[in-house]
Amino acid sequence: MDGVQLYTRSAGEGLPVVLLHAFPMSSAMWLAQREGLSSVCKVITPDLRGFGGSVLGEDDPSLDVMADDVARLLDHEGVDRAVVGGLSMGGYVTMAMCRRHPDRLRGVILADTKAGADPEAARSNRERIAAAVLEEGTSVLLEEVLPGLVGQTTAQRRAMVFGRVRGLVQAAPPTAVAWAQRAMAGRPDSFDTLRALKTPVLVIVGEEDEITSPADAGAMAEAVPDGRLVVIEKAGHLSAIEQPEAFNRAVSGFVAELAGGIGESPSRG
Ligand code: MLT
């Protein structure tokens with residue numbers, strides 16, 4: 001496969017766990033996971049194409065292209081099978097991995113994401129935002145996307161966390177934002193893919209997530225043959241940033257379970 005080589009930050013040793021970031025962020029969002037999980041696994045956090053240190057490349061917008069980037073990253077790292085997980089857009093890419101590269105998966109983590117395709121109104125809204133960002137820069141993201149990214153607890157009581165999220169959104173390059181919006185608009189429904197999945201799946205959701213709700217998370221956990229669901233209190237859409245300790249506990253329990261070790265396992269969904 002030719003194509004973009006993703007810029008990646010890694011930490012730790014052991015079972016490889018790839019974490020794919022949300023829109024419109026970068027691998028910087030996984031700071032607390034690189035720090036908190038590096039004692040239990042090898043955390044591999046790439047910048048998806050166009051974001052952070054990764055170039056955008058010439059391909060047409062597509063989640064399949066993003067999934068192939070991740071498969072190529074595994075080749076580059078010498079990893080045959082990894083736990084692959086993602087938050088929101090990262091979850092869409094993970095589901096594209098489940099479709100295109102199921103043999104590379106040791107386990108799957110779907111955080112604050114959903115398996116359904118976009119309805120027509122959401123697709124046109126993405127095109128509107130893509131056009132606005134290319135024309136006027138990222139101010140539209142700060143006005144329209146940023147407020148929904150965190151839960152009410154973070155918005156009301158955690159100004160430092162909200163400020164960090166704002167900084168991540170502001171840093172997003174307009175060309176990558178437009179490309180990713182168009183890629184997400186074209187994604188298919190993934191429920192059949194989830195039903196056919198042969199690997200264990202951990203679904204995580206912030207209880208205050210208004211973009212991809214606890215009901216969306218429950219539907220994914222029920223669709224997969226081997227699923228567990230963890231709901232994180234006082235967190236919204238960016239549960240990994242808003243409540244990193246609870247998020248990391250869920251992931252380390254899953255990693256321990258996969259490795260056959262004794263760990264606090266998330267309950268079965
Ligand atoms: C994200 O957090 O990645 C976005 O909310 C995904 C989306 O726009 O559907």
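User: Where in this predicted model does P24 lie, and what makes the peptide bond from F23 to P24 cis?

Analyst: In this predicted model, P24 lies in the loop between β2 (16–20) and α1 (31–37), and the peptide bond that leads from F23 into P24 has an omega near -5 degrees, which is the value given for this cis bond.

User: What makes the approach of F23 to the ligand a polar contact?

Analyst: A polar backbone atom of F23 is 2.7 Å from an oxygen atom of the ligand, and because a pair of N or O atoms within 3.5 Å counts as a polar contact, this pair qualifies.

User: Which side chains have polar atoms at such distances from a ligand oxygen?

Analyst: The side chain of Y92 places a polar atom 2.6 Å from an oxygen atom of the ligand, while an N or O atom in the side chain of R126 lies 2.8 Å from a ligand oxygen; both pairs are within 3.5 Å and therefore count as polar contacts. Taken alone, the ligand exposes 270 Å², of which the protein buries 91%.

User: Why is the ligand said to sit in the largest pocket?

Analyst: The ligand is assigned to the largest pocket because more than half of its atoms lie within 2 Å of the grid points of that pocket.

User: How do the residues of the shell around the ligand divide?

Analyst: The shell divides into six nonpolar residues, two polar and one charged; the residues around the ligand include A22, M89, M184, I211 and H237, and R126 is also among them.

User: What is notable about the phi of S88, and where is this residue found?

Analyst: S88, another of the residues around the ligand, has a positive phi of about 55 degrees although it is not a glycine, and it is found in the loop between β4 (82–87) and α3 (89–100).

Conventions: Residues are numbered from 1 along each chain as its sequence is written. This is a predicted model: local features need pLDDT of at least 70, side-chain atom pairs count only at pLDDT 80 or more; totals for chains, interfaces and linings use all residues. Side-chain values use heavy atoms; hydrogens and water are left out. A residue is near a molecule or strand if one of its heavy atoms lies within 4 Å of it. A polar contact is a pair of N or O atoms within 3.5 Å; within protein, one must be able to donate a hydrogen and the other to accept it, and residues adjacent in sequence count only if both atoms are side-chain atoms. Accessible areas come from the Shrake-Rupley method with a 1.4 Å probe; for residues, only the protein chains shown count as cover. On a 1 Å grid over the protein atoms alone, a cavity is a set of points where a 1.4 Å probe fits but cannot get out, and a pocket is an open set with protein on both sides within 12 Å along at least five of seven lines; lining residues have an atom within 4 Å of a point. Ala, Val, Leu, Ile, Met, Phe, Trp, Tyr, Cys and Pro count as nonpolar, Asp, Glu, Lys and Arg as charged, and the others, Gly among them, as polar. Helices (H or I, at least four residues) and strands (E, at least two) are DSSP runs, numbered from the N terminus.
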